[in-house]
Amino acid sequence: MLEATYAVYRATGESKIVSDLTEALRIWNREPQDSRLLWADIPATGSAASLLSQLAEAFGLHRLAVEDAEEGHQRTKFERYGDSNFMVLRPASSLRDGSVALSELEIFAGSGYLITVRHVDPPEEGVAHGWHSDHVSDSMRSEFADSLTRFRAQDFGSLSATYALLHRVLDSVVDSYGPILDVLEDAADDQEDRIFSGAPISSQEIYTLSRSVLELDKAIKSLPTAMQGLTEYSHRANFSDDMLQNLRDVTDHVQIHVDRLERLRSIIHEIFSANSTLIAERQGDQTKKISAWAGILFIPSLIAGLYGMNFTHMPELHWMLGYPFAILLMLLGSAIMYAIFKYKDWV
């Protein structure tokens with residue numbers, strides 16, 4: 001979905017989805033201040049700068065946060081800008097070719113509005129596991145509309161409803177890391193089983209897995225700090241116990257993902273070390289075999305070389321059995337050398 005979408009929610013439980021920002025703001029402005037919530041979902045295409053400029057003017061968004069959202073390439077973080085908060089998430093997707101692709105999601109959250117700016121979405125048909133904004137946004141808009149009744153007795157236009165929606169977006173991104181980690185752990189366990197069964201694998205396989213883990217690490221490693229900032233703000237904003245519990249649940253999931261990533265890094269390190277050892281041992285065995293066969297073939301080569309000098313006076317040169325004797329000497333010498341190397345397990 002490359003078009004911007006705007007969902008206007010009312011405290012009555014009604015919602016309206018439009019594709020024009022001017023119309024969305026008109027609908028939002030005519031609602032009572034404590035009964036409205038606008039979710040603007042914008043892809044970072046050519047028109048994003050113009051749309052963000054209008055939203056910044058309407059909601060007083062800080063220019064530095066707007067610049068970050070326009071440019072992208074941001075790390076995962078949570079920042080406060082007066083009455084508006086700015087959060088950056090790095091959703092991840094496991095593609096059908098086995099690689100991991102990162103997206104980027106900038107979020108503005110304030111009283112009565114939530115703005116999401118999407119960067120670098122992979123093609124939906126290429127996503128095997130993980131997060132893709134198209135189907136997530138579509139389903140989340142309808143699910144959130146169905147759950148608005150819980151806010152009717154509250155100040156709907158306050159931060160409570162906004163951060164309930166933010167929690168849903170955040171929770172969907174964090175939960176999407178789980179299936180990707182499952183795929184990476186299965187791949188790591190498979191490589192580990194193959195390594196410890198004594199079968200070396202190609203370094204390319206290990207590096208491909210390591211690269212995928214590093215990509216996912218970019219998305220997850222800064223999440224604990226971002227969640228800490230969001231949780232601290234939630235306490236200062238006196239959010240409900242239910243909201244605080246939801247944020248703690250997301251934080252727990254983040255920590256689980258961090259721990260799983262650490263285990264994956266350890267496994268990959270062990271795989272790389274064990275594979276290098278197996279390759280070195282195999283090369284050592286091959287060197288021994290080459291050396292042994294070179295030693296075995298040295299005896300016939302030496303005898304053949306001596307008799308090939310064509311000197312006039314050579315031992316047994318005119319003897320009728322000289323040729324069979326030389327062949328027998330070659331075979332006997334080679335057999336003795338083979339027995340010695342076989343005893344030392346070199347061949």
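I began by fixing one term: a polar contact is a pair of N or O atoms within 3.5 Å, where, within protein, one atom must be able to donate a hydrogen and the other to accept it, and residues adjacent in sequence count only if both atoms are side-chain atoms. I noted that this is a predicted model, in which local features need pLDDT of at least 70 and side-chain atom pairs count only at pLDDT 80 or more, while totals for chains, interfaces and linings use all residues. I also noted that residues are numbered from 1 along each chain as its sequence is written, and that side-chain values use heavy atoms, with hydrogens and water left out.

**Entry 1: Arg90**

I looked up the backbone oxygen of Gln74 and found a polar atom of the Arg90 side chain 3.4 Å from it. I placed Arg90 in the loop between strand E5 (84-89) and strand E6 (92-95). Helices (H or I, at least four residues) and strands (E, at least two) are DSSP runs, numbered from the N terminus.

Is Arg90 buried or exposed? I recorded Arg90 as buried, a word that means under 20% relative accessible area, with exposed over 50% and partly exposed in between (1.4 Å probe, protein chains only). Arg90 has no salt bridge, a salt bridge being a side-chain nitrogen of Lys or Arg within 4 Å of a carboxyl oxygen of Asp or Glu. The nearest side chain of opposite charge is that of Glu104, 4.2 Å away; Lys and Arg count as positive and Asp and Glu as negative, whereas His and the chain ends are not counted.

I then listed contacts (heavy atoms within 4.5 Å). Neighbours within four places in sequence aside, Arg90 touches Gln74, Thr76, Leu102, Ser103, Glu104, Tyr177 and Ala219.

**Entry 2: helix H6**

Ala219 led me to H6, where it is one of the buried residues. Others buried there include Ile206, Leu209, Val213 and Leu216. I checked the length of H6 (residues 203-220): at 1.5 Å a residue, its 18 residues should span 26 Å, and the end C-alpha atoms are 26 Å apart, which agrees. The expected span is 1.5 Å times one less than the number of residues.

Within H6, I found a salt bridge between Lys218 and Glu215, with the closest N and O atoms 3.0 Å apart. These two residues are three apart in the helix, so about one helical turn separates them. Lys218 counts as partly exposed because its relative accessibility is 40%, whereas Glu215 is buried, with a relative accessible area of 13%.

**Entry 3: salt bridges between helices**

How many salt bridges does the structure hold? I noted 15. In one of them, Arg263 pairs with Glu185, the closest N and O atoms being 3.9 Å apart. This pair links distant parts of the chain, as Arg263 is in helix H8 (residues 241-307) and Glu185 in helix H5 (residues 159-196), 78 residues apart. Arg263 is partly exposed at 39% relative accessibility, and Glu185 is buried at 14%. I also saw that both belong to a network of salt bridges with Asp182, Asp189 and Arg260.

Arg194 forms another salt bridge, with Glu205, at 3.0 Å between the closest N and O atoms. Here helix H5 holds Arg194 and helix H6 holds Glu205, eleven residues apart.

**Entry 4: the whole chain**

I closed with totals. The protein chain has nine helices and ten strands. Of its 347 residues, 47% are buried.
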